[in-house]
Amino acid sequence: MLTIPEISPLKKLKSIAVLTSGGDAPGMNAAIRAVVRYGLAMGAEVHGVMKGYSGLLEGHIQPLHASSVANIIQRGGTILKTDRCEAFFKKSVRKEAANILRRKGIEGLVVIGGDGSFTGAHLMEKENGFPCIGVPGTIDNDIAGTEDTIGFDTAVNTAIDAIDRIRDTASSHDRIFLVEVMGRSSGWIAVQTGIGGGAETVLVPEFKENIQGITRLIDRGVDRGKTSSIIVVAEGYKPGLSQRIADDLSHRGYSPKVCILGHTQRGGTPTAHDRMLASVLGASAVAYLMAGKSGAMVGVQKGRVVLVPFRNVIGKKKDLDQSNLTLARILAS
Ligand code: ADP
């Protein structure tokens, strides 16, 4: 089980803040709760910044108490709300943001988000000396330096649940279903969903295949007596790919259906795994800040919490293991 690392010596920060930024992910609330309650337990005041960097620039910052985060661990989304903020790309604006935090007496910031949000935090710290720590929150699990991100497990469970339902109708009608799952530029959700949902094949942006190869795979399945199939497609593969494969299969006499799961994967109650991950990472972020650490993300490597410098995270790609794609096909054959 993931545990909070022993971090010492503790330096007392009097006041810290937390914000969520970029795409929301189930479990962000559990992370906010952990930051607030662990921070209070360490003797700090904890502030919540509303609507990511946009709210920070507007000064939407309020003290959070233990009761402010009561009854949120089981809720998807983020009570602090989130946003994308173009203005934060400007150096002068990041300076103003650091000044706003300082004027409120805040000495450190926890940023829960993805690669883009960490880039903003990293630049704000580098340019203005304002301590920031990142907590990886994204359903895509595409952040380098950590094996897991908050929201990924919930998104995969949601997608697998959908596939289980789709399979019922697919087998009743002897149909092929192309199920499109989220993953802007990575196939992590698709691969785990494909294996867990027993899909015939998984199409991911990292390893492109030609459509003919995919239709041949379906033909082979039919030759072996398969009457229904599920193909999982990561949305980032190529826009409209699912429909193109469906059209191709229609021309070969099949009657395929396309099902795009879309934003259903972002919402919903976080799984036990994501609540635990978010609680431990949120608390660890505070502990590191209190120990004078910053400019880094808390992550998970080999089952342990680690602190990874932002420079080893930002803009880096986390490689997907091709062997799991092969495994999905072998297990579905
Ligand atoms: P995520 O954090 O989920 O990757 P985004 O890429 O949309 O989401 O980034 C969220 C926000 O982080 C952006 O709207 C912007 O405010 C800030 N951000 C992203 N990239 C940069 C950058 N290069 N410089 C400064 N701020 C950035």
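These notebook entries record what I looked up in the structure, beginning with the ligand site and ending with selected residues.

**Entry 1. Status of the model.** I note at the outset that this is a predicted model.

**Entry 2. Ligand shell.** I listed the residues around the ligand and found 16 of them. The closest are R84, C85, G114, G116 and S117. I then sorted the shell by residue class, which gave 5 nonpolar, 8 polar and 3 charged residues. I also asked which element supplies the largest share of the shell. Helix α4, spanning residues 115-128, does so with 6 residues.

**Entry 3. Backbone contacts to the ligand.** I looked up the polar backbone atoms that approach ligand oxygen atoms. For G114, a backbone N or O atom lies 3.0 Å from an oxygen atom of the ligand. For D115, the distance from a polar backbone atom to a ligand oxygen is 3.4 Å. For G116, a polar backbone atom is 3.0 Å from an oxygen atom of the ligand. I next looked up the ligand area: taken alone, the ligand exposes 550 Å², and the protein buries 83% of that. As to location, I found the ligand in the largest pocket.

**Entry 4. S15.** I located S15 in strand β1, residues 15-20. Is S15 buried or exposed? Its relative accessible area is 4%, which is under 20%, so I record S15 as buried. The side chain of S15 makes a polar contact of 3.3 Å with the side chain of H47.

**Entry 5. T154.** I found T154 in helix α5, which covers residues 152-173. T154 is buried, because its relative accessible area of 2% falls under the 20% limit. I traced the side chain of T154 to the backbone nitrogen of T271, at 3.0 Å.

**Entry 6. Residues with positive phi.** I checked two residues that are not glycines. K81 has a positive phi of about 60°, and N141 has a positive phi of about 55°. K81 lies in the loop between β3 (61-64) and α3 (91-103). N141 lies in the loop between β5 (132-136) and α5. I then looked up the accessibility of each. K81 has a relative accessible area of 48%, between 20% and 50%, and is therefore partly exposed. N141 has a relative accessible area of 1%, under 20%, and is therefore buried.

Technical notes:
Residues are numbered from 1 along each chain as its sequence is written. This is a predicted model: local features need pLDDT of at least 70, side-chain atom pairs count only at pLDDT 80 or more; totals for chains, interfaces and linings use all residues. Side-chain values use heavy atoms; hydrogens and water are left out. A residue is near a molecule or strand if one of its heavy atoms lies within 4 Å of it. A polar contact is a pair of N or O atoms within 3.5 Å; within protein, one must be able to donate a hydrogen and the other to accept it, and residues adjacent in sequence count only if both atoms are side-chain atoms. Accessible areas come from the Shrake-Rupley method with a 1.4 Å probe; for residues, only the protein chains shown count as cover. On a 1 Å grid over the protein atoms alone, a cavity is a set of points where a 1.4 Å probe fits but cannot get out, and a pocket is an open set with protein on both sides within 12 Å along at least five of seven lines; lining residues have an atom within 4 Å of a point. A molecule sits in a cavity or pocket if more than half of its atoms lie within 2 Å of its grid points. Helices (H or I, at least four residues) and strands (E, at least two) are DSSP runs, numbered from the N terminus. Ala, Val, Leu, Ile, Met, Phe, Trp, Tyr, Cys and Pro count as nonpolar, Asp, Glu, Lys and Arg as charged, and the others, Gly among them, as polar. Buried means under 20% relative accessible area, exposed over 50%, partly exposed in between (1.4 Å probe, protein chains only).
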